[in-house]
Amino acid sequence: MTDTAENPLTAGLERLPVDPTTLTIFGATGDLARRKLLPALYNLAHDGALPERFNLIGIARSQSSHEDYQREAREAIEQFSRRRPDPAVLDALLDRVRYIPGSFGDDDAYDSLSAQLDEFDADNGGPLNRAFYLSTAPAFFPVIVEHLGEHGLAHRADCQVRVIIEKPFGTTGAEASELNRRVLAVFDEKQVFRIDHYLGKETVQNVLAFRFANGMFEPLWNRNYIDHVEITAAEEVGIGSRAGYYDSAGALRDLVQNHMLQLLCLLCMEPPVTFTADEVRDEKVKVLRAIRAPAPDETVRAQYTAGTVGGEDVRGYLEEEGVPPESQTETFASLRLEVDTWRWNGVPFYLRTGKRLARKVTEIAVILKPVPHLAFAKEGSLGVQPNQLILHVQPNEGVSLSLGAKIPGTRMVIRPVQMEFLYGTAFMSQSPEAYERLITDAMRGDATLFTRNDEVEAQWRIIDPVLGAWQRDDPPLAHYEAGSQGPPEADRLLEGDDRWRAI
């Protein structure tokens, strides 16, 4: 096998240093912590990306000892890590893990937390940076933040203190504004990291690299050459055991309001003067402000019925465990948006997301305008298709570009061919999980990949009117068979000859 040191594409893959830190996870026994956060911390430790002095504190309601939680953390990492754990690395990580039982509104828990943080500082011989990760139900976000403030844990003169808040950040614009108000009454904005794990994916970040680091793309990145854009986030799974959360949220809140609008921002933003957190987020906010809320006839909502996925018969949404039999919650959402700027005026952006679709895929498809004259038409080349640049976010991260090429033979017959770039092949390494990048950035204080308070509120300004219309049954709830391409009603959003890419 070729040594990775000989591959010039691996240059620069080293991690940036992180100052000594104690990370506290609220909701440390929850599903997110077990499946994502703990494995991410292990993989950072494996790669030497954690600070030399790193400690972890878990807080949750279950009555457990330090040893009990260390054992639970070991089991979670062994089950969900993207690589088989190295026993020595895992032992060293778990040796610095402590657990505090208590409810999130319990003052005693914060007293214990303060004492444990001071103990780690004493062991270190000086203050460590502190990061608080809120991996809990959204109702606890303001409770935890306000208790941190009341117990003097939100600010320290001798170290950096940061708070990482999971989504959803509110369920309406009014809720998001109120949550921002309560959080910013305790923490400064520069201390707050509102996480959107899609922004930690390599391909999502590579949108900016492809746009601004390649002269071949940026001149075409406008209404003169781009016909339309499709952003798809499809899943083949149903709601599993998440009925309690999902039925109150729905596809629009779960994916469109946050992940998909963030993808749209990265795709449409103007180049920042520098790639600092605030410069990048300033440009993203400008995009959001240029998008008007879509009218009801520019939206589609639907719910899956029984069908077949991957050769297996599956039940419909209303038959899922925990779903009310009269539920009108959408499991599919689609919008047509326009970005009213000089660069993008007149270019339709089609967003769609859904559960129980034909397969799992998240991608951004940039479809260029067709060539103005098909000179090869008389030679049987009526199948010439517009060039497409596809950024594959998952399951396989990479980029493909479709080009027209001549089929071998005596006739000038054209067909599309694909040029592909895959992360695993090009960089001879497995792409890190999104949470690995985001946890590291938060501990370093780099907020580039996190949403700012005005971004969050600008996103809700677009989505709130849609939610209001859907609550009035405008448009009516459509249906689609599980395992299909989605509801046929989604086709009415398309303009002219535009067509959805097959899922």
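**Exercise 1. The nine-stranded sheet**

Task: In what order do the nine strands of the open sheet lie, and which strands stand at its edges?

Solution.
- Step 1. In this predicted model, nine strands build an open sheet with the order 16-15-14-13-7-12-11-8-17. The pairing is mixed.
- Step 2. Look at the edges. Strand 16 (414-422) and strand 17 (478-481) each have a single partner strand, so one side of each is left without a neighbour in the sheet.
- Step 3. Add the twist. From one strand to the next it averages 20°.

**Exercise 2. Inside that sheet**

Task: How many bridges link strand 7 to strand 12, and in which sense do the two strands pair?

Solution.
- Step 1. Strand 7 covers residues 226-234 and strand 12 covers residues 348-354. Six bridges link them, in the parallel sense.
- Step 2. Pick a residue pair. Ala 234 is opposite Gly 354 of strand 12.
- Step 3. Now find the helix on these strands. Helix 8 (residues 243-268) lies across strand 7, strand 11 (332-338), strand 12 and strand 13 (361-368). Its angle to strand 12 is about 145°.

**Exercise 3. The six-stranded sheet**

Task: Is the pairing in the six-stranded sheet parallel or antiparallel, and which strands stand at the edges?

Solution.
- Step 1. The order of this open sheet is 3-2-1-4-5-6, and its pairing is parallel.
- Step 2. Strand 3 (97-101) and strand 6 (192-194) are at the edges. Each has a single partner strand, so one side of each lacks a neighbour in the sheet.
- Step 3. The twist here averages 20° from one strand to the next.
- Step 4. Take one strand pair. Strand 1 (residues 21-26) and strand 2 (residues 54-60) run parallel and share six bridges. Phe 26 has Ile 59 of strand 2 as its bridge partner.
- Step 5. Place the helix. Helix 4 (residues 107-124) lies across strand 1, strand 2, strand 3 and strand 4 (129-134). To strand 3 it runs at about 165°.

**Exercise 4. Two helices in contact**

Task: At what angle do helix 9 and helix 12 cross, and which residues make the contact?

Solution.
- Step 1. Helix 9 spans residues 277-289 and helix 12 spans residues 453-471. Their axes come within 9 Å and cross at roughly 15°.
- Step 2. Apply the cut-off. Angles under 35 degrees count as roughly parallel, so helix 9 is roughly parallel to helix 12. The crossing is left-handed.
- Step 3. List the contact. Helix 9 gives Arg 281, Lys 284, Val 285, Leu 288 and Arg 289. Helix 12 gives Asp 454, Glu 455, Ala 458, Gln 459, Arg 461 and Ile 462.
- Step 4. Sort by class. The contact has four nonpolar, one polar and six charged residues.

**Exercise 5. Backbone exceptions**

Task: Where are the cis prolines Pro 168 and Pro 395, and are Arg 356 and Asp 473 buried or partly exposed?

Solution.
- Step 1. Start from the norm. Most residues other than glycine have a negative phi, and most peptide bonds are trans.
- Step 2. Lys 167 to Pro 168 is a cis peptide bond, with omega near 0°. Pro 168 sits in the loop between strand 5 (161-165) and helix 6 (173-184).
- Step 3. Gln 394 and Pro 395 are joined by a cis peptide bond too, with omega about 5°. Pro 395 is in the loop between strand 14 (388-394) and strand 15 (398-406).
- Step 4. Arg 356 has a positive phi, near 55°, and lies in the loop between strand 12 and strand 13. Its relative accessible area is 16%, so Arg 356 is buried.
- Step 5. For Asp 473, phi is positive at about 65°. This residue is in the loop between helix 12 and strand 17. With a relative accessible area of 39%, Asp 473 is partly exposed.

Methods. Residues are numbered from 1 along each chain as its sequence is written. This is a predicted model: local features need pLDDT of at least 70, side-chain atom pairs count only at pLDDT 80 or more; totals for chains, interfaces and linings use all residues. Side-chain values use heavy atoms; hydrogens and water are left out. Two strands pair if DSSP finds at least two bridges between them. Helices (H or I, at least four residues) and strands (E, at least two) are DSSP runs, numbered from the N terminus. Axes are lines fitted to C-alpha atoms, for helices over the stretch in contact, and angles run from 0 to 180 degrees between N-to-C directions. Contact means heavy atoms within 4.5 Å. Angles under 35 degrees count as roughly parallel, over 145 as roughly antiparallel, 65 to 115 as roughly perpendicular and the rest as oblique. A crossing is left-handed if the near helix is turned anticlockwise from the far one by less than a right angle, and right-handed if clockwise. Ala, Val, Leu, Ile, Met, Phe, Trp, Tyr, Cys and Pro count as nonpolar, Asp, Glu, Lys and Arg as charged, and the others, Gly among them, as polar. Buried means under 20% relative accessible area, exposed over 50%, partly exposed in between (1.4 Å probe, protein chains only).
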